[in-house]
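Me: I've got a model open and I'd like to learn how to read it feature by feature. Can you walk me through it?
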Amino acid sequence: MSSDSVQLSSKGNRPPRTILVCQNQACRKSGSKAVLAAFQAHRTSDIPVIGSGCLGRCGNGPMVLILPNEIWYSRVRAEEAIEIMNRWAINS
Ligand code: FES
């Protein structure tokens, strides 16, 4: 698992906290279905976990994007879902 972040530059409304797990073809071939299932199994009550279309970083999947912070994770394994939730989603 690796991550990098991008600061939001707009002063407008920030999107609600959401975890996106790419379910498009390249990420599916890398196991994103199991990653999505792991996030959904461990999600907190107020943070939606959504299977998304292509997030534009194909070849590094399974890709996970946490909003509104725009935290990216690449090559995520299902067993890493709890750690990611604890690190970013719960404390953001
Ligand atoms: S297929 Fe997952 S980022 Fe493009």
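Reply: Sure. Let's start with a spot on the backbone: Arg75 lies in the loop between strand 5 and helix 3. Keep in mind throughout that this is a predicted model.

Me: What is phi like at Arg75?

Reply: The general idea: most residues other than glycine have a negative phi, and most peptide bonds are trans. Arg75 goes the other way, with a positive phi near 50°. Arg75 counts as partly exposed, because it has 16 C-beta neighbours inside 10 Å.

Me: Which residue in the loop between strand 4 and strand 5 should I look at next?

Reply: Try Glu70, which lies in that loop. Glu70 isn't a glycine, yet its phi is positive, about 55°. Glu70 is partly exposed too, as 14 C-beta neighbours fall inside 10 Å.

Me: And the peptide bonds: where are the cis ones?

Reply: One cis bond joins Gly61 and Pro62, with omega about 5°. Pro62 sits in the loop between strand 3 and strand 4. Another cis bond joins Leu67 and Pro68, with omega about 10°, and Pro68 is in the loop between strand 4 and strand 5.

Me: Let's zoom out. How many helices and strands are there?

Reply: Three helices and five strands. To read the order, walk along the sequence: the pattern is β-β-α-α-β-β-β-α. For how the chain folds back on itself, take contacts between residues at least 6 apart in sequence: 70% of them join residues at least 24 apart.

Me: Which strands pair with strand 2, and in what sense?

Reply: Bridges tell you that. Strand 2 and strand 4 (residues 64-67) are antiparallel, paired over four bridges; there, Ile19 stands opposite Ile66. Strand 2 also runs parallel to strand 3 (residues 49-52), again with four bridges, and Leu20 faces Ile50 across that pairing.

Me: Is strand 2 largely enclosed or open to the outside?

Reply: Count its buried residues: four of the five in strand 2 (residues 18-22) are buried, so the strand is largely enclosed by the rest of the structure. For the protein as a whole, buried residues make up 27% of the 92.

Me: How do I read burial on a helix, say helix 2?

Reply: List the buried residues, then look down the axis. In helix 2 (residues 32-42) they are Ser32, Val35, Leu36, Ala38 and Phe39. Seen that way, they fall within an arc of 160°, so they line one face of the helix.

Me: What is in the largest nonpolar core?

Reply: It has 19 residues, and those with the most contacts inside it are Ile19, Val21, Val35, Phe39 and Val64. Strand 2, helix 2, strand 4 and helix 3 each supply at least two residues of this core.

Me: What does Phe39 touch?

Reply: Setting aside residues up to four places away in sequence, Phe39 touches Ile19, Val21, Val49 and Ala81. Phe39 is buried, because 25 other C-beta atoms lie within 10 Å. For a sense of sequence against space, Phe39 and Glu79 are 40 residues apart along the chain but 9.3 Å apart, C-alpha to C-alpha.

Me: Last one: where is confidence lowest, and where is it highest?

Reply: Where pLDDT is low, the predicted coordinates should not be read in detail. Here the lowest is strand 1 (residues 2-5), with a mean of 45, and the highest is helix 1 (residues 25-29), at 98. Residues 3-11 stay under 50, although the model has eleven contacts for them beyond four places in sequence. Overall, the mean pLDDT is 84, and 78% of residues reach 70 or more.

Key:
Residues numbered from 1 in each chain as written. Predicted model: local features only at pLDDT ≥ 70, side-chain atom pairs only at ≥ 80, totals over all residues. Buried ≥ 20, exposed ≤ 12 C-beta atoms within 10 Å, placed from the backbone. Pairing = 2+ DSSP bridges. Arc of directions from axis to C-beta. Core = buried A, V, L, I, M, F, W, Y, C linked by C-beta atoms within 7 Å. Contact = placed C-beta atoms within 7 Å. pLDDT = per-residue confidence, 0-100.
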